[in-house]
Amino acid sequence: MEKIAVFAGSFDPFTIGHESIVRRGFFLFDKIIVAIGYNANKKSFFPLKKKIKWIKQVFENDPQVSVDYYDGLTVDFCKKVKAKYLLRGLRTSADFEYERATAQVNKAMYPEIESVFLLTPPEYTPVTSSIVRDIILHGGDASKFLPNSIDLKNFKVGNNKNEK
Ligand code: ADP
């Protein structure tokens, strides 16, 4: 049976840390769905449409990766797309505690789901979406924390008002 994994997150924005987890997942899964959690009541820094476009660019030569978005519970999305695995990345012990609770609750809601954790390479431990957002907000160059194909240099903060 095809092994389908969901890599879920807000990806606000998608970083080199996220990319490395997905690429390492190629050795474990037949198909990986990068799923952007979208909450209509919670504003994200980058518009959903741009996040989808950027992640698609990163994996344009990797047919085993698809990009989607969902509003609601991650496990409900997994059921919808028939995924039995949740791929997750771990940076620190704080990540571990959060991920442990989330995985245990997900398992209680959807017993067929298995969460699979990959430790990030040491050099990506400090890479977080929130640091990248801060750099961009203050006019800095965050390119070394972003996949090569994502160019945010021309992204204008504030232009995304009203964009989904
Ligand atoms: P969330 O909205 O859950 O914070 P993120 O987009 O930040 O979503 O993260 C999605 C997944 O990617 C999580 O499992 C998170 O631990 C992992 N992750 C985030 N940054 C890194 C990184 N630098 N290295 C490895 N995994 C990471």
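**Figure 1. Arg133 and its salt bridge with Asp12.** At 25% relative accessibility, Arg133 counts as partly exposed, because this value falls between the 20% limit for buried and the 50% limit for exposed residues. The model shown here and in the other views is a predicted one. The side chain of Arg133 meets that of Asp12 in a salt bridge, with 3.9 Å from N to O. Distant parts of the chain are linked by this pair: Asp12 belongs to the loop between S1 and H1, whereas Arg133 belongs to helix H5 (residues 129–137), and the two are 121 residues apart. Side chains of opposite charge can pair when their charged atoms come close.

**Figure 2. Surroundings of Asp12.** Asp12 is found in the loop between S1 and H1. Its relative accessible area is 7%, so Asp12 is buried, the limit being under 20%. A second view of its charged partners shows Lys51, whose side chain meets that of Asp12 in a salt bridge of 3.6 Å, N to O. This pair, too, links distant parts of the chain, with Lys51 in helix H2 (residues 48–58) and Asp12 in the loop between S1 and H1, 39 residues apart. Lys51 and Asp12 are both buried. A polar atom of the Asp12 side chain also lies 2.8 Å from the backbone nitrogen of Phe45.

**Figure 3. A salt bridge within helix H1, and the network around Asp12.** The structure holds eight salt bridges. One of them joins the side chains of Glu19 and Arg23, at 2.9 Å from N to O. Both residues lie in helix H1, four residues apart, which is about one turn of the helix. Glu19 has a relative accessible area of 16% and is therefore buried. Arg23, at 27% relative accessibility, counts as partly exposed. Elsewhere, Asp12, Lys51 and Arg133 are joined into one network by salt bridges that share partners.

**Figure 4. The shell of residues around the ligand.** The ligand is surrounded by 16 residues, of which Ser10, Gly89, Thr120, Tyr124 and Val127 come nearest. The shell consists of six nonpolar, six polar and four charged residues. At least two shell residues are supplied by each of the following elements: strand S1 (4–9), helix H1 (16–25), strand S4 (85–90) and helix H4 (93–109).

**Figure 5. Polar atoms of the protein beside the ligand.** Two of the contacts shown involve oxygen atoms of the ligand. A backbone N or O atom of Phe11 lies 3.1 Å from a ligand oxygen, and a polar side-chain atom of Glu99 lies 3.2 Å from an oxygen atom of the ligand. At Tyr124, a backbone N or O atom lies 3.0 Å from a nitrogen atom of the ligand. On its own, the ligand has 550 Å² of accessible area, and the protein covers 85% of this.

**Figure 6. A nonpolar patch on the surface.** Leu73, Val105 and Met109 form this patch, and together they have about 250 Å² of accessible area. Met109 lies in helix H4. The relative accessible area of Met109 is 37%, so this residue is partly exposed. That value is over the 30% which a residue of a patch must exceed.

Methods:
Residues numbered from 1 in each chain as written. Predicted model: local features only at pLDDT ≥ 70, side-chain atom pairs only at ≥ 80, totals over all residues. Heavy atoms only, no water. Near = heavy atom within 4 Å. Polar contact = N/O pair within 3.5 Å; in protein donor to acceptor, adjacent residues only side chain to side chain. Areas by Shrake-Rupley, 256 points an atom, 1.4 Å probe, with all protein chains shown as cover. Nonpolar A, V, L, I, M, F, W, Y, C, P; charged D, E, K, R; others polar. Patch = residues over 30% accessible without salt bridge, like charges linked within 9 Å, V, L, I, M, F, W, Y side chains within 5 Å. Salt bridge = Lys/Arg side-chain N within 4 Å of Asp/Glu carboxyl O. Buried < 20%, exposed > 50% of the residue type's maximum accessible area, 1.4 Å probe, protein only.
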